[in-house]
Amino acid sequence: MSVFRINPSAAYSFYKQFILDYSQDKSAIYEQYGFTLQGSVGSKDWEVFAAILMGDRASPGDGADLENFEVKSALIGNSFEYQYHRNRGLEKLQNERAVDHLFVVRSSTYKDVEVWLVERSELIATFDRWLPELQENYRAASRQRFRRSVTYRFVVSQGTKLMEIRNGALIEPV
């Protein structure tokens, strides 16, 4: 793993303004029309949040989300989905083998958030297992996507918690 100097206070400021406050402002309107907040914060928001936390930048192209990290988000306790498309799936899988992975877990209200780092070396066996499955999946011309997941339990057992937010407040130190 590369050595990064994380900046939880800057990431928290982004989270507070663009994720928590934004989602809470929408909450009453969503509820009025029978919707939940689930999914109201997009994956790009979590990628920017992670980039700020890690001092990283968006990766060009279709590979990993950031230059040095893949970013996944899910509800606390749920699995993290990896999705590979027919035309670039093999390339994306190879790119994801070459970076560390950040897993953002959150509550449905966005008030509780944890960020976990899993080093690439911990995921190599998983990617090695997926590779022949991905290749087999695309033998059928009708298959456009290949999906697999990493469990929350795996992330917690193999990862390092970098940041925690509880009830909208930054918990320091982790």
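Two strands pair if DSSP finds at least two bridges between them, and helices (H or I, at least four residues) and strands (E, at least two) are DSSP runs, numbered from the N terminus. With that in hand, welcome to this structure.

The model is predicted, so local features need pLDDT of at least 70 and side-chain atom pairs count only at pLDDT 80 or more, while totals for chains, interfaces and linings use all residues. Residues are numbered from 1 along each chain as its sequence is written, and side-chain values use heavy atoms, with hydrogens and water left out.

**A strand with two faces**

Let us start with a pair of strands. Strand β2 (residues 80–85) and strand β5 (residues 145–150) pair in the antiparallel sense over six bridges. Within this pair, Gln 83 stands opposite Arg 147 in β5. In a regular strand the side chains alternate between the two faces of the sheet. Strand β2 does so: Phe 80, Tyr 82 and Tyr 84 point to one face and are buried, whereas Glu 81, Gln 83 and His 85 point to the other and are not. Here buried means under 20% relative accessible area, exposed over 50%, and partly exposed in between (1.4 Å probe, protein chains only).

**Two loop residues with positive phi**

Most residues other than glycine have a negative phi. What sign does phi have at Tyr 110? The value is positive, near 70°. Asn 167 also has a positive phi, about 50°, although it is not a glycine. The table shows where each one sits and how much of it is accessible.

| Residue | Loop | Relative accessible area |
|---|---|---|
| Tyr 110 | between β3 (100–106) and β4 (113–118) | 0%, buried |
| Asn 167 | between β6 (160–166) and β7 (169–171) | 61%, exposed |

**The whole protein**

Stepping back, the protein has five helices and seven strands. From the N terminus on, these elements run α-α-β-β-α-β-β-α-β-α-β-β. The C-alpha atoms fill a box of roughly 45 × 45 × 30 Å, taken along the principal axes. A compact globule of 174 residues would have a radius of gyration near 16 Å, and the protein agrees with 17 Å; this radius is taken over C-alpha atoms, and the globule rule is 2.2 Å times the number of residues to the power 0.38. Buried residues make up 41% of the 174 residues.

How do contacts (heavy atoms within 4.5 Å) span the sequence? Among those between residues at least 6 apart in sequence, 69% join residues at least 24 apart.

Notes
Contact means heavy atoms within 4.5 Å.
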